[in-house]
Amino acid sequence: MKAIASFFYVGFLKPAPGTWGSLAALPVAYGILLIGGFWLLLAATVAAFVLGYIATRSITATGEDHDPSWIVIDEVVGQWIALFPVAYGAMMMSVEIWRLYPGWITGFLFFRLFDIWKPWLVGQADRRGDAMGVMLDDVIAGVFSAIVSIILAAIAHGVLM
């Protein structure tokens, strides 16, 4: 369980294990996208969420700490969600995924911003104080980041001008 929750021990890197977890998620997502595209990333995200929830629930069952900093599987899930617009856009436009690098950058930066700042629904999920809250706050931060990436891409491509 510890290997899953820490994303193969990345969560034990210091300082800022959440940022390390988000960074580690990027090349793994890239590999997943090269192998199977958007749909495989979506399936991997769902699988990581389920496994992450089970691992987090098991580890935090003692009640000592509902969200140890070394648990970063939630950051991986949220980061992958933040990359959904990039993955889907590359698939729809038949473009190599690396060519959408601005989306990778904004996906990472905005995910970290929302995960640290915890605005609105992100903070509400975090305050649940249970394993589902640990996972959900990053899912919501990933969704918020994906929305921002879509808006920025629309502006960059002249859709919202």
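**Entry 1: salt bridges**

I begin with the term I need: a salt bridge is a side-chain nitrogen of Lys or Arg within 4 Å of a carboxyl oxygen of Asp or Glu. I keep in mind that this is a predicted model, and I find that the structure holds four salt bridges.

I looked up Asp-115 and found that its side chain meets that of Lys-118 in a salt bridge, with 3.2 Å from N to O, which falls within the 4 Å that the term requires. Asp-115 is buried, with a relative accessible area of 5%, whereas Lys-118 is partly exposed at 24%.

What else does Lys-118 form a salt bridge with? I found Asp-137 as a partner of Lys-118, the closest N and O atoms being 2.8 Å apart. Because Lys-118 lies in the loop between H5 and helix H6 (120-126) while Asp-137 lies in helix H7, this pair ties together parts that are 19 residues apart in sequence. I then checked whether Asp-137 is buried or exposed, and I noted that Asp-137 is buried, with a relative accessible area of 1%.

I also traced how these residues are connected, and I recorded a network of salt bridges that links Arg-112, Asp-115, Lys-118 and Asp-137.

Another of the salt bridges is formed by the side chains of Asp-130 and Arg-128, at 2.9 Å from N to O. Here I noted that Asp-130 is partly exposed, with a relative accessible area of 29%, and that Arg-128 is also partly exposed, at 46%.

**Entry 2: backbone details**

I went back to Lys-118 for its backbone and found that its phi is near 55°, a positive value in a residue other than glycine. I looked up Tyr-9 as well, which has a positive phi of about 75° although it is not a glycine. Tyr-9 is found in the loop between H1 and H2, and I noted it as partly exposed, with a relative accessible area of 47%.

Which residues does a cis peptide bond join? I found such a bond between Lys-14 and Pro-15, where omega is about -10°, and I placed Pro-15 in the loop between helix H1 (2-5) and H2.

**Entry 3: helices and a pair of residues**

I next looked at how helix H5 (residues 101-117) and H7 pack, and I noted an angle of about 140°, with their axes 8 Å apart. That angle makes H5 oblique to H7, since only angles over 145 degrees would count as roughly antiparallel. I recorded the crossing of H5 and H7 as right-handed.

I then turned to Val-50, which has its place in helix H2 (residues 17-59) and is partly exposed, with a relative accessible area of 43%. I compared its position with that of Met-135 and found their C-alpha atoms separated by 9.3 Å, although the two residues are 85 residues apart along the chain.

**Entry 4: a nonpolar patch**

Last, I asked myself which residues make the nonpolar surface patch of about 580 Å². I listed Val-143, Ile-147, Ile-151, Leu-152, Ile-155, Val-159 and Leu-160. I looked further at one of them, Ile-151, which is found in helix H7 (residues 131-156) and is partly exposed, with a relative accessible area of 41%. That value is over the 30% that a patch residue needs.

Key. Residues numbered from 1 in each chain as written. Predicted model: local features only at pLDDT ≥ 70, side-chain atom pairs only at ≥ 80, totals over all residues. Heavy atoms only, no water. Patch = residues over 30% accessible without salt bridge, like charges linked within 9 Å, V, L, I, M, F, W, Y side chains within 5 Å. Areas by Shrake-Rupley, 256 points an atom, 1.4 Å probe, with all protein chains shown as cover. Helix = DSSP H or I, 4+ residues; strand = E, 2+ residues; numbered from the N terminus. Buried < 20%, exposed > 50% of the residue type's maximum accessible area, 1.4 Å probe, protein only. Axes fitted to C-alpha atoms, helices over the stretch in contact; angles between N-to-C directions. Parallel < 35°, antiparallel > 145°, perpendicular 65-115°, else oblique. Left-handed = near helix turned anticlockwise from the far one by under 90°.
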